[in-house]
Amino acid sequence: MKSDGKPEVADRGKGTGDPGSPTGFDALDHRLIHALQLDGRAPFSRIAAVLGVSDQTVARRYTRHRTHGTLKVLGLPDAQALGEVQWLVRVQCTPDAAVAVAEALARRPDTSWVGLMSGGTEITAVCRAVSSDHSDVLLLQKLPRTPSVIGVTAHCRLHQFYGGPQGMISKSGVLTDEQIARLSPPPPDPAAAPVTLTDADRRLFDILARDGRTPLAELAAGTGWSPTTVRRRLAELRANGVLYYDVDYDLRQFGYGVMVALWLSVEPARLAAAGEAMAAHPEVAYACATTGPNNLFASVLCRNVGAVYTYLTTRVAALPGVRSMESAPRIRHIKGPGPLFSTGHTAPGRRR
């Protein structure tokens, strides 16, 4: 029983995803992940009150999953709020060099979501440039100078339909509308001018990218600010939309086994409608409009290849204005939204 006399969910240390594993996710873990997606630095006491469990249960669940590497909160900068330009890059390689090229891309601090696709001959990555003036240098200097790279295409992200602070868990329905409202912070100010980060801000983001729940004292030590200044700056960056929190977790615990990248060519007059419709699909973790002959990109998660076929022949087939489609399954995850994984570690089941 909780201190208020209400029953709470038992914390047995096992989840429905893997009954024999202490890191499996159960229904309470799903609600916890959704709560952290809404506000990654929300006090455990507030999350516990909304979920109807004790503070200790929330803290214990989070600590267990964080320790086992199945759950991590990340504090990330929003490229659009900073006035940055994002590029979706596709690199074609010879099979013997693909992993080495992908790992070289992943070591760059301005890349994210690096993955090995299809039959191991294509790499996809998201690259960031301070502005469009820097994009040519960014793309040319990222790739190793090797004849094993046989082709590169780059697509500028024009508009994001889904992603960023909107995680896959947001579509799960594990929290009620009332719970979402109680946990959601105020929305950022859309009229805020682009923010220029200071060196201290960059150090702050470096720490938050590794652990978005890093205590104030550690953030203060890493930035040279006082804890009060850190707290105020975090609030400012959130209010300006520059800082958002994301949750990195093992989607295998949710039953997702296949990630597929979709590149669609859509009639310009129907691009917005198709993108908004795709953003609402429960299978879509990310969707954006891009430059190039394929002007709509999506990252799709399904339970198996059969579910991918069903998705393509039903939901995608019903999208307005689609002229052609290209799909590529991800076979190896190299880098996510945060820092590069430690040497030798890959996470094929990570989200998106």
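**Helix α8, its surroundings and the nonpolar cores**

Helix α8 is followed by Gly 224, a residue whose phi is positive, near 85°. The model described here is a predicted one, and this helix is a convenient place to start. Helix α8 spans residues 216-223, and its buried residues are Leu 219, Ala 220 and Thr 223. These three lie on the same side of α8, because they cover an arc of only 100° around the axis. Ala 217, Glu 218 and Ala 221, on the other side of α8, are exposed. The cover over the buried residues of α8 includes α7 (199-210) and α9 (227-239).

The pairing of α8 with α9 can be described in some detail. The two axes come within 8 Å and cross at roughly 95°. Since angles of 65 to 115 degrees count as roughly perpendicular, α8 is roughly perpendicular to α9. On the α8 side, the contact is made by Leu 216, Leu 219, Ala 220 and Thr 223; α9 contributes Pro 227, Val 230, Arg 231 and Leu 234.

Leu 234 also leads into the interior of the model. The largest nonpolar core has 52 residues, and Leu 234 is among those that touch the most other members, together with Ile 33, Leu 36, Ile 47, Val 242 and Tyr 249. Helix α1 (residues 27-38) supplies the largest share of this core, with 6 residues. For Ile 33, leaving aside residues up to four places away in sequence, the residues touched are Phe 25, Leu 71, Ile 169, Val 247, Tyr 249 and Phe 254. A second core, separate from this one, is made up of 23 residues, including Val 260, Val 284, Leu 296 and Val 316.

Turning to the strands, β3 (residues 111-117) is mostly covered, with 6 of its 7 residues buried. Strand β3 has antiparallel pairings with two strands, taken here in turn. With β4 (residues 122-129), β3 is joined by 5 bridges, and Ser 112 stands opposite Val 126 of β4. The hairpin of β3 and β4 has 4 residues between the strands, and within this hairpin Ser 118 takes a positive phi near 50°. With β10 (residues 322-335), β3 shares 4 bridges, again in an antiparallel arrangement. Here Leu 116 has Arg 332 of β10 as its bridge partner. For readers following the side chains along these strands, a general point may help: in a regular strand, side chains alternate between the two faces of the sheet.

Note on methods
Residues numbered from 1 in each chain as written. Predicted model: local features only at pLDDT ≥ 70, side-chain atom pairs only at ≥ 80, totals over all residues. Heavy atoms only, no water. Core = buried A, V, L, I, M, F, W, Y, C linked by side-chain atoms within 4.5 Å. Buried < 20%, exposed > 50% of the residue type's maximum accessible area, 1.4 Å probe, protein only. Contact = heavy atoms within 4.5 Å. Pairing = 2+ DSSP bridges. Arc of directions from axis to C-beta. Axes fitted to C-alpha atoms, helices over the stretch in contact; angles between N-to-C directions. Parallel < 35°, antiparallel > 145°, perpendicular 65-115°, else oblique.
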